[in-house]
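Please work through the exercises below with the model open beside you, and try each task before reading its solution.

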Amino acid sequence: MKIYFVRHGETEWNKQKRIQGRVDIPLDEFGRMLARKTATGLAEIPFDVCYSSPLSRAKETATIILEGRDIPIIEDDRIIEMAFGEYEGKCCSKSGWNLPEEFHRFFDEPENYVPAPGGENFAEVKKRTGEFLQELFQKEQYQKSNVLISTHGAALAGMLNYIKGKPLSEYWGIGVHRNCAVTEVQVTDDVPEILSENVVYYNDEVEPWEER
């Protein structure tokens, strides 16, 4: 099994450095363009199935990448974005910061991050995304398949942290992946191996989400 993980295309809230979480913000035109360029980059991959977060920004990214192909897109709540509760909609840029100071732990000390009411911590995200992956790894019908997974920054980081077997303190790994960045993982006998990470098929400038 070969899995291609992709983070969704850019949204207006990405540009504004507003926390999206479970708020269903659609792709903007720039985000759709990034998805189209990613579709060109992945055009030669014969995908068999796609799993997507139920949020529209992830689903539309998958739909654009798979346009013209008869590939099923299966929604799975376990790969939805991290819930931020009362923090959703707030700004985390340096100039527009309107969050409690302890939110800095989100990037700097993920193992000590305390979510707002209605939000998730990193252990919870890693658990649900890890359970999704373990179930996928064991699906007999996909052992020789190419699988596309369309998801979100924090959810994707959780899956990669699970694959790498790293502690929560290293949750972010190389950082939040760029919009529409692709990570390729080979799974053999339930054992995953990352072949490439955070690869983009465009030259456009996208400001890192964690810049603040």
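The exercises that follow concern a predicted model, and they take up aromatic rings, cysteines and two loop residues.

**Exercise 1.** Determine how the rings of F103 and F106 are arranged relative to each other, and whether these two residues are buried or exposed.

*Solution.* A pair of aromatic rings is described by the distance of the centres and the angle of the planes. The structure holds 17 aromatic pairs. In the pair formed by F103 and F106, the ring centres lie 5.0 Å apart and the planes are 10 degrees apart. Centres within 6.5 Å make a pair, and planes under 30 degrees apart count as stacked, so F103 and F106 are a stacked pair. For the second part, the cut-off for buried is under 20% relative accessible area; F103 has a relative accessibility of 1% and counts as buried, and F106, with a relative accessible area of 1%, is buried as well. Both residues belong to one aromatic cluster, whose members also include F84, Y87, W97 and W172.

**Exercise 2.** Explain why C92 and C180 are not assigned to a disulfide.

*Solution.* Begin with the total, which is zero disulfides in the structure. For C92, the nearest cysteine sulfur is that of C91, at 6.0 Å. A disulfide requires the two sulfur atoms to lie within 2.5 Å, and therefore C92 is in no disulfide. For C180, the closest cysteine sulfur is in C50 and lies 12 Å away, which is too far for a bond. As a last step, consider accessibility: C92 is buried, with a relative accessible area of 1%, and C180 is buried, with a value of 0%.

**Exercise 3.** Locate S169 and D76, classify each by its accessibility, and name residues with which each is in contact when neighbours within four places in sequence are left aside.

*Solution.* Take S169 first, which is found in the loop between helix 6 (153-164) and strand 5 (182-188). Its relative accessibility of 42% places S169 in the partly exposed class. With neighbours within four places in sequence left aside, S169 is in contact with P110 and E111. S169 and E109 are 60 residues apart in sequence, whereas their C-alpha atoms are 6.3 Å apart in space.

Turn next to D76, which lies in the loop between strand 3 (73-75) and helix 4 (105-108). At 12% relative accessibility, D76 counts as buried. With neighbours within four places in sequence again left aside, D76 is in contact with S52, S53, P54 and F132.

Methods: Residues are numbered from 1 along each chain as its sequence is written. This is a predicted model: local features need pLDDT of at least 70, side-chain atom pairs count only at pLDDT 80 or more; totals for chains, interfaces and linings use all residues. Side-chain values use heavy atoms; hydrogens and water are left out. Rings of Phe, Tyr and Trp (its six-membered ring) pair if their centres lie within 6.5 Å; planes under 30 degrees apart count as stacked, over 60 as edge-to-face and the rest as tilted. Buried means under 20% relative accessible area, exposed over 50%, partly exposed in between (1.4 Å probe, protein chains only). Helices (H or I, at least four residues) and strands (E, at least two) are DSSP runs, numbered from the N terminus. Contact means heavy atoms within 4.5 Å.
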